[in-house]
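Visitor: Could you take me through one part of this model up close, namely the helix packing and what surrounds it? Please keep the cut-offs in, since I like to know what each word stands for.

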Amino acid sequence: MKTPLQDLHIHTHLSSCSEDAGQTVAAAVDFAAANGIRTIGITNHVWDREVPGASPWYAPQDFAHISQVYAEIPRDCKGVRVKIGAETEFAGGVVALTRAHRDALDYVLVPHSHIHMVGLVLPPECATDAQVAEYLVQSFLALVQKDFATSIAHPFCPIGRAPEEVRSILGCIADETFARCFQAAAAHNTAIEINGSCLEDETRWAAQERMFAIARDCGAVFTLGSDAHARTELNAIFLAQKMAETLGIGEERLLQL
Ligand SMILES: [Zn+2]
Ligand SMILES: [Zn+2]
């Protein structure tokens, strides 16, 4: 397998869902340097204080909180390019980050599939797999129209669902519908993330391979991310790289920050 060229989705201990105090920028740099990864990006969860509607979980993770990361960038990055971004939220048709703060970052990942946050992201009335699939399609298209995200984090990967449910939900989305979504993303210069943490079993892999192949054929630009929240999860980037290789997505199709 070739060297992963980038890992643009790394959380540190500043994200509330990280339980590894040793998950620091320095740890990510060390892993990247040891594995020949040229560019890494730190993307902690953020909900801006200026944007109403934060859940109790999101509220403490504001822009000032994630900005603490700058003080943690090691003096010697061992030849690894370190970019500072964020993973914000898209809920109720609103992006949880101001454009000013987005522009202060190197880039921003925006998810539309944190459907484990029922009530905040997924409307409670979306109960069946078909309804969840329709929510994912509509939220993806609405997010792309915002012209806000650098890349869409874990697209169409329903977070918190078992692999069989993921297969069932994605099975409700026709090839033509995926194509309409990815053509819209390409037209709006929004990249598509290949997220290694969403590829850890064969069932979810197969469901997403069909989808990413359509994205490739629609001219999408991609980013690769591990979505690591702990040092032991950084190697998920190899799964993202493997998907890219499987589909013939080379360096020329990866977003270069
Ligand atoms: Zn996420
Ligand atoms: Zn993430």
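Guide: The chain has eight helices and nine strands, where helices (H or I, at least four residues) and strands (E, at least two) are DSSP runs, numbered from the N terminus. Its radius of gyration is 17 Å, close to the 18 Å that the globule rule gives for 257 residues, so the chain is as compact as a globular protein of that length. That radius is taken over C-alpha atoms, and the globule rule is 2.2 Å times the number of residues to the power 0.38. Along the principal axes, the C-alpha atoms fill a box of roughly 50 × 45 × 30 Å.

A word on bookkeeping. This is a predicted model, in which local features need pLDDT of at least 70 and side-chain atom pairs count only at pLDDT 80 or more, while totals for chains, interfaces and linings use all residues. Residues are numbered from 1 along each chain as its sequence is written, and chains are lettered from A and ligands numbered from 1 in the order in which they are written.

Now the packing. Start with helix 4 (residues 129-145) and helix 5 (residues 163-171), whose axes come within 8 Å and cross at roughly 65 degrees. Axes here are lines fitted to C-alpha atoms, for helices over the stretch in contact, and angles run from 0 to 180 degrees between N-to-C directions. Helix 4 and helix 5 are therefore roughly perpendicular to each other; the labels are roughly parallel under 35 degrees, roughly antiparallel over 145, roughly perpendicular from 65 to 115, and oblique for the rest. The crossing is right-handed, and a crossing is called left-handed if the near helix is turned anticlockwise from the far one by less than a right angle, right-handed if clockwise. Helix 4 brings Asp 129, Val 132 and Ala 133 to the contact, and helix 5 brings Glu 165, Ser 168 and Ile 169. Contact means that the C-beta atoms of two residues, placed from the backbone, lie within 7 Å.

Helix 5 also packs on helix 7 (residues 202-217), at an angle of about 25 degrees and with the axes 8 Å apart. That makes helix 5 roughly parallel to helix 7. The residues involved are Pro 163, Glu 164, Val 166, Arg 167 and Leu 170 from helix 5, with Thr 203, Arg 204, Ala 207 and Met 211 from helix 7. This crossing is left-handed.

Helix 7 has another partner in helix 6 (residues 175-187): their axes come within 9 Å and cross at roughly 50 degrees. That makes helix 6 oblique to helix 7. Asp 175, Phe 178, Ala 179 and Phe 182 of helix 6 meet Met 211, Ile 214 and Ala 215 of helix 7, and the crossing is right-handed.

What about the interior? The largest nonpolar core has 73 residues, and those with the most contacts inside it are Ala 28, Val 110, Ile 152, Phe 182, Ile 192, Phe 222 and Ala 240. Helix 4 gives the most to this core, with seven residues. Such a core is a set of buried Ala, Val, Leu, Ile, Met, Phe, Trp, Tyr and Cys residues joined through C-beta atoms within 7 Å. As for "buried", that takes 20 or more other C-beta atoms within 10 Å of a residue's own, with exposed at 12 or fewer and partly exposed in between. Over the whole chain, 46% of the 257 residues count as buried.

Just ahead of the helix 7 story sits Leu 199, in the loop between strand 8 (191-195) and helix 7. Leu 199 is buried, with 23 other C-beta atoms within 10 Å. Leaving aside neighbours within four places in sequence, Leu 199 is in contact with Arg 204, Trp 205, Gln 208, Leu 239, Ala 240 and Met 243. Ala 240, on the same terms, touches residues including Ile 194, Leu 199 and Leu 224.

Finally, a backbone oddity: His 154, in the loop between strand 7 (151-153) and helix 5, has a positive phi of about 30 degrees although it is not a glycine. Most residues other than glycine have a negative phi. His 154 counts as buried because it has 25 C-beta neighbours inside 10 Å.
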